[in-house]
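Work through the exercises below with the sequence and the model open. Each one sets a task and then solves it in steps.

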Amino acid sequence: MSKHYQIVIIGAGTAGITVASRLLRKNQSLKGKIAIIDPAENHYYQPLWTLVGAGVSSLKSSRKDMKSVMPEGVQWIKNAVSRFRPENNDINLRDSTTISYDYLIVCPGLQINWSHVKGLQENIGKNGVCSNYSPKYVNETWKQISNFKSGNAIFTHPNTPIKCGGAPMKIMYLAEDYFRKNNIRSKANVMYETPKTSLFDVQKYNKELEKISEERDINVDYHYNLIEIDGENKNAVFEHVETGDRKTLHYEMLHVTPPMGPLDVLKESTLSDSDGWVDIDPTTLQQKNFSNVFALGDASNAPTSKTGAAIRKQAPTVVNNLLQVINSEMLTHHYDGYTSCPIVTGYNKLILAEFDYNKKTKETMPFNQAKERRSMYIFKKDLLPKMYWYGMLKGLM
C-alpha cells in the first residue's frame with residue numbers, strides 16, 4: 001500500500017507539531033496535504049520532568065493525548081519509519097506502507113540508549129537508581145530524594161550529546177537543596193560525575209555554576225563517565241575519558257543521565273552524517289544533499305544544545321525556507337544557533353542561560369541572567385508550560 005502527501009513530517013514531538021502548526025497558519029491551502037508520522041500515544045512537555053523528579057510537579061501535568069495536540073488539517077499516521085529513501089522521495093513504515101512526498105521534514109528526536117551502560121537496564125527504577133529522562137522512571141527520582149537519609153548521592157552526565165545539557169545538574173541542585181531544607185545535608189555527600197571539562201559550555205554561566213557548587217560543597221569530578229552499575233551492592237563504576245583509569249563509588253542514590261544518540265533508522269539513512277545525525281546546513285536547516293528535505297530538533301547535527309528553546313527558533317526558519325523552496329525562491333531565513341537552558345539551582349532559584357552557536361550570550365531580560373532568581377524559577381515552573389501548550393504548539397510563538 002502506498003500514499004502520497006505534499007509534506008511529510010517525521011515525529012510529533014515539539015518540533016513536528018510546531019512546524020505543522022506554523023505551516024498551516026502561513027498557508028491554509030496546505031490543509032489535508034501534510035502528514036505527521038509518529039507511533040506515540042502521548043505528547044510530553046519534557047522540560048517539566050526536572051520538577052517532577054524534584055516533587056514539585058506531577059507527571060500527569062506534563063502529558064497530553066497526542067490526538068489533542070495534533071493540528072487540525074494534518075493527517076496523523078500512527079506508525080514508525082523503518083526506512084528512509086530520499087533518493088526516491090519516499091519512506092517505508094513498519095507495516096510495509098510506503099509514503100511518498102514532495103517535501104520531507106525530519107524531526108523524530110533522539111533515542112535513549114539505556115543498554116550502553118552495563119547494568120543500567122537491570123537496575124533502573126530500583127536499587128537506588130533513578131533517572132528523569134523517562135516518564136517511566138521520573139517518579140522514582142522523587143522517591144529516592146525524599147527517602148534519602150545519608151551517604152553518597154551521585155548524579156551523572158554521559159559522554160554523548162543529550163537532551164538539555166543542563167538537566168543532569170538541575171536535579172542535583174534540587175536534591176542538594178532538599179537535603180539542606182530537611183536537615184540531612186551534613187549526612188549527604190553530593191557528587192557530580194561528568195566526562196566534560198566544565199559544568200557549562202558558556203563561560204559566563206559556567207563561572208556562576210562553579211561558584212554555586214563550591215559554596216554548597218558539591219563534589220564535581222570532571223573527565224569521568226559512568227560505565228557500569230552493580231545494583232545489588234550499590235556500586236557505580238566510572239572511567240576517566242582520557243586515561244582510561246577506573247574508579248568505583250558506593251552510592252545510596254544514583255541519578256543516571258543515560259547515553260543518547262540518533263535513531264537507528266537514521267544511522268542507516270543517506271540523510272545522515274557519519275555519526276547518524278541528519279546532515280544539515282546549520283543556518284538554513286536544509287539537508288545538504290537533498291534540497292527538498294529539512295531537519296530540526298534533536299535529530300539534526302546542528303551544533304547547538306538539543307532543547308525545546310532551540311526548536312522554537314529553528315521552526316520558523318524551517319517553515320519559511322520550506323515555503324521558499326516550494327515557490328522556487330532563494331532561501332533567505334537563517335538560524336543563528338540560539339538556544340536557552342533554564343538551569344534550576346534549587347527550589348525557587350534559577351539561572352536563565354541563553355546563547356548562540358558561538359557560545360555568546362543572547363539574553364532577553366533587562367538584567368544579568370547568570371544570577372539566581374526566584375522570578376525566573378516561576379517563569380519556568382508556571383509560565384513556560386502554558387506558553388508551550390497554548391502558544392508554541394499552536395504555531396503562535
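**Exercise 1: a hairpin and its surroundings**

In this predicted model, strand E20 (residues 339–346) and strand E21 (residues 349–355) pair in the antiparallel sense over seven bridges. Find how E20 and E21 are joined, and state how E20 is covered.

Solution.
- Step 1. Two residues lie between E20 and E21, and the strands form a hairpin. In the turn, Asn348 has a positive phi of about 75 degrees.
- Step 2. Take Cys341 and look across to E21: the bridge partner is Ala353.
- Step 3. Check burial along E20: eight of its eight residues are buried.
- Step 4. Cys341 and Ala353 are both in contact with Phe200, leaving aside neighbours of Phe200 within four places in sequence. Other contacts of Phe200 include Met169, Leu209, Ile343 and Phe355.

**Exercise 2: the nonpolar cores**

Which residues touch the most other members of the largest nonpolar core, and which helix gives the most to this core?

Solution.
- Step 1. The largest core has 113 residues, and those that touch the most other members are Leu23, Phe84, Ile91, Ile105, Phe179 and Phe200.
- Step 2. Helix H6 (residues 167–181) gives the most to this core, with nine residues.
- Step 3. A separate, second core has 17 residues, among them Ile124, Met191, Leu249 and Tyr251.
- Step 4. As background, nonpolar side chains tend to be buried together in soluble globular proteins.

**Exercise 3: a salt bridge within a helix**

Glu176 forms a salt bridge with Arg180. Locate both residues and decide for each whether the side chain belongs to a buried or a partly exposed residue.

Solution.
- Step 1. The closest N and O atoms of Glu176 and Arg180 are 2.3 Å apart.
- Step 2. Both residues lie in helix H6, four residues apart, about one turn of the helix. An α-helix has 3.6 residues a turn, so residues three or four places apart point the same way.
- Step 3. Glu176 has a relative accessible area of 0%, so Glu176 is buried. Arg180, at 40%, counts as partly exposed.
- Step 4. Extend the search: Glu176 and Arg180 are linked with Arg185 and Arg216 in a network of salt bridges.

**Exercise 4: salt bridges across the sequence**

Compare where the pairs Lys247–Glu193 and Lys362–Asp336 sit in the chain.

Solution.
- Step 1. The side chains of Lys247 and Glu193 form a salt bridge at 3.0 Å, N to O. This pair links distant parts of the chain, with Lys247 in strand E16 (residues 246–250) and Glu193 in strand E12 (residues 188–193), 54 residues apart.
- Step 2. Lys247 is buried at 19% relative accessible area, and Glu193 counts as buried at 1%.
- Step 3. Lys362 and Asp336 meet in a salt bridge at 2.4 Å, N to O. Lys362 lies in the loop between E21 and H10, and Asp336 in the loop between helix H9 (308–326) and E20, so the pair ties together parts 26 residues apart in sequence.
- Step 4. Lys362 is partly exposed at 32% relative accessible area, and Asp336 counts as partly exposed at 32%.

**Exercise 5: a charged residue without a partner**

Glu140 is buried yet has no salt bridge. Find the nearest side chain of opposite charge and apply the cut-off.

Solution.
- Step 1. Glu140 lies in helix H5 (residues 138–147).
- Step 2. The nearest side chain of opposite charge, Lys143, is 4.1 Å away. A salt bridge needs the nitrogen within 4 Å of a carboxyl oxygen, so the pair does not count.
- Step 3. Leaving aside neighbours within four places in sequence, Glu140 is in contact with Gly125, Val129 and Cys130.

Methods
Residues numbered from 1 in each chain as written. Predicted model: local features only at pLDDT ≥ 70, side-chain atom pairs only at ≥ 80, totals over all residues. Heavy atoms only, no water. Buried < 20%, exposed > 50% of the residue type's maximum accessible area, 1.4 Å probe, protein only. Pairing = 2+ DSSP bridges. Core = buried A, V, L, I, M, F, W, Y, C linked by side-chain atoms within 4.5 Å. Contact = heavy atoms within 4.5 Å. Lys, Arg positive; Asp, Glu negative; His and termini not counted.
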